[in-house]
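I opened this notebook to keep a record of what I looked up in a two-chain model. The entries go from confidence to chains, then to the contact between them and to single residues.

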Amino acid sequence: MHTMMPIEKRIVQIVTGPGETALFKSGERVRISDRLPVGHYRVPRYIRGKQAIIESVIEPAAINNEEEGFGRNAGIKLHYYRVIVPLSELWPDYPASSNDGLHIEVCENWLDLL
Amino acid sequence: MSTEHTHHDHSPITAPENPPSYYEIMETAIRELLLEKKLIGAGEIRRQIELLDSRTPAVGAKIVARAWLDSDFRKRLLADGTSACEEMGITFYDSTQLIVVENTDTVHNLLVCTLCSCYPRPVLGLPPDWYKLKPYRSRAVKEPRALLAEFGTIIPENVEIHVSDSTAMVRYLVLPQRPRGTDNFNEEQLAALVTRDSMIGVVRANQPSNGEPQ
C-alpha cells in the first residue's frame, strides 16, 4: 500500500488516467449497490443496499478481481475503499445506541455517493 | 547415528487407512498431470510447502512485539502494514495487502471472512478450522459480543467493536494491547504473550503472570 502525497505537494499539470484517481474521499457517505450479478462477487449479500461511510481509500488502485475471476481483466484498475457500516444499520435487532461497526473493503464500482 | 533402525517406541509408519476424499484425488491427479507435462517441477511444490510452513503465528507475534517496543515502527505498521512487514523480510507472496488494526482502550478489533476463509497467511500461516466454519463467520458480523464472550472475552459496552470482514485483496492483522506489567520485557518475552487468537481478535494477549488468556 502506498500513501499519496498531500494534494498541495503534487505536480499540478499531471492528468491521471481512467481509474487512477479515487472517486471518493474518506468521510463521504455512500450506498453499496444492491445488484445481483451471477457469480462469486466479493461484496457479501448482507451489505448490499446499505449505507456506509468511507473510512479510507486503499492505494494504489488495484485489479478488479471480480472481472479477473472471470478472465475478463483488460488491465483496468479501480480503487478499493475501506468502508464502515454500523452494525445497527445491518441488523434490526442490534442496539441502536451501539457504535459497533463493520469495516469492509469494497470496490469502487459497487459504491454510489449519497 | 546408527544406520540400523533399532528403536521401536513408535507405531509403524503407514499410509492413512481411509480412502482419499474426492478433493484429495482431484489434487493428486492435477498435481501429477502438471508434473508429467513439466509445467511445474517437484522442487517448486516442495518450495511452496516450505514457504507456507515458514509462516506461523510466531511471525505475527514478532511483528506485534516489535510494535510494542518501537513506537516509530508501530506508526509505520499502522500507516502501511505491508511495507512495515517487508522491512522485517516478510514477503506477501499471495499479492495481498496488509492493514493492521490496533486495539485500544476504546476499540476492540475482530477479524473474519464471511465469504470464505481469507486470512493473513503471510504473517500468521494457515487459519484455524473454526475460522473457516459458518457459525464463526456469520456470528462475527451478526453478534460479535456474544461470540467473543464464548471465547471468554468480555468487551465493556463503552468499547467499540470493529469487525473487519476481508473479502478481496486486503488481509488484516490485529495489534493487541500490550499487557500491563511488561515494562521490562524484551522482544522475545513480549512475543511469547502474543497468541494466534489474539491477532485474530477473539482474545486479548496473554498476561505475563499466568500465561493464560483472561
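The entries below follow the order in which I looked things up.

**Entry 1, conventions and confidence.** I am working with a predicted model, in which local features need pLDDT of at least 70 and side-chain atom pairs count only at pLDDT 80 or more, while totals for chains, interfaces and linings use all residues. Residues are numbered from 1 along each chain as its sequence is written, and chains are lettered from A and ligands numbered from 1 in the order in which they are written. I noted an ipTM of 0.88 and a pTM of 0.87 from the predictor for the complex. Turning to pLDDT (the predictor's confidence in each residue, from 0 to 100), I found a mean of 88 for chain A, with 93% of the residues scoring at least 70, and a mean of 92 for chain B, where 90% of the residues reach 70 or more. Among the elements of chain A, helix H1 (residues 65-69) has the lowest mean pLDDT, 75, and S1(A) the highest, 98.

**Entry 2, chain A.** I counted secondary structure as DSSP runs numbered from the N terminus, with helices (H or I) of at least four residues and strands (E) of at least two. On that basis chain A has 2 helices and 5 strands, and its elements run β-β-α-β-α-β-β from the N terminus on. The C-alpha trace of chain A spans about 50 × 35 × 25 Å along its principal axes.

I then looked at how the strands pair, where pairing requires that DSSP finds at least two bridges between two strands. Strand S1 (residues 29-32) of chain A and S2(A) are antiparallel over 3 bridges, with Val30(A) having Ala52(A) as its bridge partner in S2(A). S2(A) also pairs in the antiparallel sense with strand S3 (residues 77-86) of chain A, over 7 bridges, and there Ile53(A) stands opposite Ile84(A). While in strand S2 of chain A I checked Pro60(A), which lies in this strand, and found that the peptide bond from Glu59(A) to Pro60(A) is cis, with omega near -5°.

**Entry 3, chain B.** I found 11 helices and 4 strands in chain B, whose C-alpha trace spans about 60 × 45 × 35 Å along its principal axes. The bounds, which come from an automatic or database domain assignment, give domain 1 (22-53) and domain 2 (57-200) in chain B. The centres of these two domains, taken over C-alpha atoms, are 31 Å apart.

**Entry 4, where the chains meet.** How many residues of chain A are in contact with chain B? I count a contact when the C-beta atoms of two residues, placed from the backbone, lie within 7 Å, and with this rule 18 residues of chain A are in contact with 19 residues of chain B. On the side of chain A that touches chain B, strand S2 (51-63) and strand S4 (101-107) each supply at least two residues, and the largest share, 6 residues, comes from S4(A). S4(A) also pairs across the chains, in the parallel sense and over 4 bridges, with strand S3 (residues 160-165) of chain B, where Asp165(B) is the bridge partner of Ile104(A).

**Entry 5, buried and exposed positions.** I call a residue buried if 20 or more other C-beta atoms, placed from the backbone, lie within 10 Å of its own, exposed if 12 or fewer do, and partly exposed in between. Of the 114 residues of chain A, 26% count as buried, and of the 214 residues in chain B, 32% do.

Tyr172(B), in strand S4 (residues 170-175) of chain B, counts as buried because it has 29 C-beta neighbours inside 10 Å. Leaving aside residues up to four places away in sequence, Tyr172(B) touches several residues, including Ile99(B), Leu111(B) and Ser164(B).

Is Lys38(B) buried or exposed? Lys38(B) is exposed, because it has 7 C-beta neighbours inside 10 Å; this residue is in the loop between helix H1 (22-36) and helix H2 (42-53) of chain B, and its phi is near 55°, a positive value in a residue other than glycine.
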